[in-house]
Amino acid sequence: MIETFATGETQELLNQLNVLLEQELRCQPKISGLKIIESAHDNGLRMTASLRDFEVKDLLSLIQFFGFSTETFSLTVNFLDRFLSKMKVQPKHLGCVGLSCFYLAVKATEEERNIPLATDLIRISQYRFTVSDLMRMEEILLEKLCRKVKTTTALHFLQHYHSILHDSLSFERKKHLNLERLEAQLKACHCRIVLSKAKPSVLALSIMVLEAEDKKLLELMDIIEYLRIHLKLNSKELSFWKELVSKCLSEYSSSKCSKPNVQKLKWIVSGRTACQLKHSYYRIAHLPTIPETVS
């Protein structure tokens with residue numbers, strides 16, 4: 001059992017994990033609502049899985065453009081899926097909903113000096129709605145989300161699992177369990193609505209198991225097994241989600257998969273537009289096209 005390996009710090013992380021487990025179900029999408037979106041036909045009038053996934057990729061492009069954190073992206077996707085699973089959103093309104101989710105998440109997680117102006121955000125995104133439209137949608141979102149903008153996401157579990165497992169590796173082996181790579185894989189998973197139906201704790205553990213297997217970190221398997229039991233997760237369910245995550249990551253890393261297009265945003269920001277934007281938007285010297293490559 002993990003107690004054999006646990007340090008005082010690790011035990012504290014386990015206590016924090018228990019708190020996260022208590023919180024995770026309070027602010028998650030309605031599974032029935034997500035299933036309705038998955039089953040919808042693309043007739044231009046109803047929300048579909050492909051429209052949702054395309055919107056999330058656009059939002060990831062914005063995250064990359066501004067240099068925002070994985071936490072901001074995970075929270076954005078959480079807001080979007082919770083709203084879409086409750087409300088019948090028409091495709092023509094999806095852009096306003098998505099950008100409002102993004103703006104709410106940014107204001108909840110990023111430093112105030114890095115928060116873009118609403119006018120700049122709309123200009124960069126090339127949407128036709130107004131700042132007033134964005135603010136009205138933000139208020140609707142807050143109402144439907146019951147004002148709960150601080151929520152437990154898969155990222156929180158992934159970070160905790162990493163801390164627990166990383167502490168159990170030898171110094172030479174620690175480099176093989178890279179948190180940045182794990183976060184990149186989580187971002188890819190967020191781009192698939194099917195994985196939004198998994199509990200955050202289960203999605204994060206599935207990513208962690210696949211990474212441990214891929215890197216041949218066999219010394220972690222006993223601790224991972226303990227975590228599975230701690231989550232009250234049966235082996236069959238974990239295998240089910242692990243297979244879906246593996247399929248998602250394989251597809252995402254293939255050349256046929258469309259990736260978030262940061263270059264498109266860089267073209268949008270012309271020299272004249274750039275002069276009107278806050279200087280902090282350019283605090284990163286290089287904007288990689290696909291930093292979340294998992295291969």
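Helices (H or I, at least four residues) and strands (E, at least two) are DSSP runs, numbered from the N terminus. The exercises below apply this and further terms to a predicted model, in which local features need pLDDT of at least 70, side-chain atom pairs count only at pLDDT 80 or more, and totals for chains, interfaces and linings use all residues. Residues are numbered from 1 along each chain as its sequence is written, and side-chain values use heavy atoms, with hydrogens and water left out.

**Exercise 1. The overall fold**

Task: State how many helices and strands the protein has, and what share of its residues is buried.

Solution.
Step 1. The protein contains 14 helices and zero strands. Read along the sequence, its pattern is α-α-α-α-α-α-α-α-α-α-α-α-α-α.
Step 2. A residue is buried under 20% relative accessible area, exposed over 50% and partly exposed in between (1.4 Å probe, protein chains only). Of the 295 residues, 51% count as buried.
Step 3. The accessible surface, computed by the Shrake-Rupley method with a 1.4 Å probe (for residues, only the protein chains shown count as cover), comes to about 14700 Å². Carbon and sulfur atoms hold 53% of this surface.
Step 4. A contact means heavy atoms within 4.5 Å. Among the contacts with a separation of 6 or more, 80% join residues 24 or more positions apart.

**Exercise 2. Helix α10 and its partner α12**

Task: Determine what span α10 has, and at what angle its axis crosses that of α12.

Solution.
Step 1. Helix α10 covers residues 200–214, which is 15 residues. The expected span of a helix is 1.5 Å times one less than its number of residues. From first C-alpha to last, α10 reaches 21 Å, close to the 21 Å expected.
Step 2. Of the 15 residues of α10, 13 are buried, so the helix is largely enclosed by the rest of the structure.
Step 3. Two packed helices are described by the angle between their axes and the distance between the axes. Axes are lines fitted to C-alpha atoms, for helices over the stretch in contact, and angles run from 0 to 180 degrees between N-to-C directions. The axes of α10 and α12 (residues 235–253) come within 9 Å and cross at roughly 70°.
Step 4. Angles under 35 degrees count as roughly parallel, over 145 as roughly antiparallel, 65 to 115 as roughly perpendicular and the rest as oblique. The helices α10 and α12 are therefore roughly perpendicular to each other.
Step 5. On the α10 side, the residues in contact include Val-202, Leu-203, Ser-206 and Leu-210. On the α12 side, Trp-241 and Val-245 are among them.

**Exercise 3. The loop after α10**

Task: Describe Lys-216 and Leu-217, and decide for each whether the residue is buried or exposed.

Solution.
Step 1. Lys-216 lies in the loop between α10 and α11 (221–230), and Leu-217 is placed in the loop between α10 and α11 as well.
Step 2. Although Lys-216 is not a glycine, its phi is positive, at about 55°. With a relative accessible area of 60%, Lys-216 is exposed.
Step 3. Leu-217, by contrast, has a relative accessible area of 0% and is buried. Leaving out residues up to four places away in sequence, Leu-217 touches Leu-169, Arg-173, His-176, Leu-177 and Ala-212.
Step 4. Leu-217 and Lys-174 are 43 residues apart in sequence, and their C-alpha atoms are 9.8 Å apart in space.

**Exercise 4. Helix α6 and the residue that follows**

Task: Identify which residues of α6 are buried, and characterise Gln-126.

Solution.
Step 1. In α6, the buried residues are Ala-118, Asp-120, Leu-121, Ile-122, Ile-124 and Ser-125. Six of its eight residues are buried, so α6 is largely enclosed by the rest of the structure.
Step 2. Gln-126 is in the loop between α6 (118–125) and α7 (131–144). Its phi is positive, at about 60°, although Gln-126 is not a glycine.
Step 3. At 56% relative accessibility, Gln-126 counts as exposed.

**Exercise 5. Cysteines**

Task: Count the disulfides, and examine Cys-96 and Cys-191.

Solution.
Step 1. A disulfide is a pair of cysteine sulfur atoms within 2.5 Å. By this rule the count is zero.
Step 2. Cys-96 is in no disulfide, the nearest cysteine sulfur being that of Cys-101, 9.7 Å away. Cys-96 is buried, at 11% relative accessible area.
Step 3. Cys-191 is likewise in no disulfide, and the sulfur of Cys-248, the nearest, is 7.5 Å away. Cys-191 is buried, at 0% relative accessibility.
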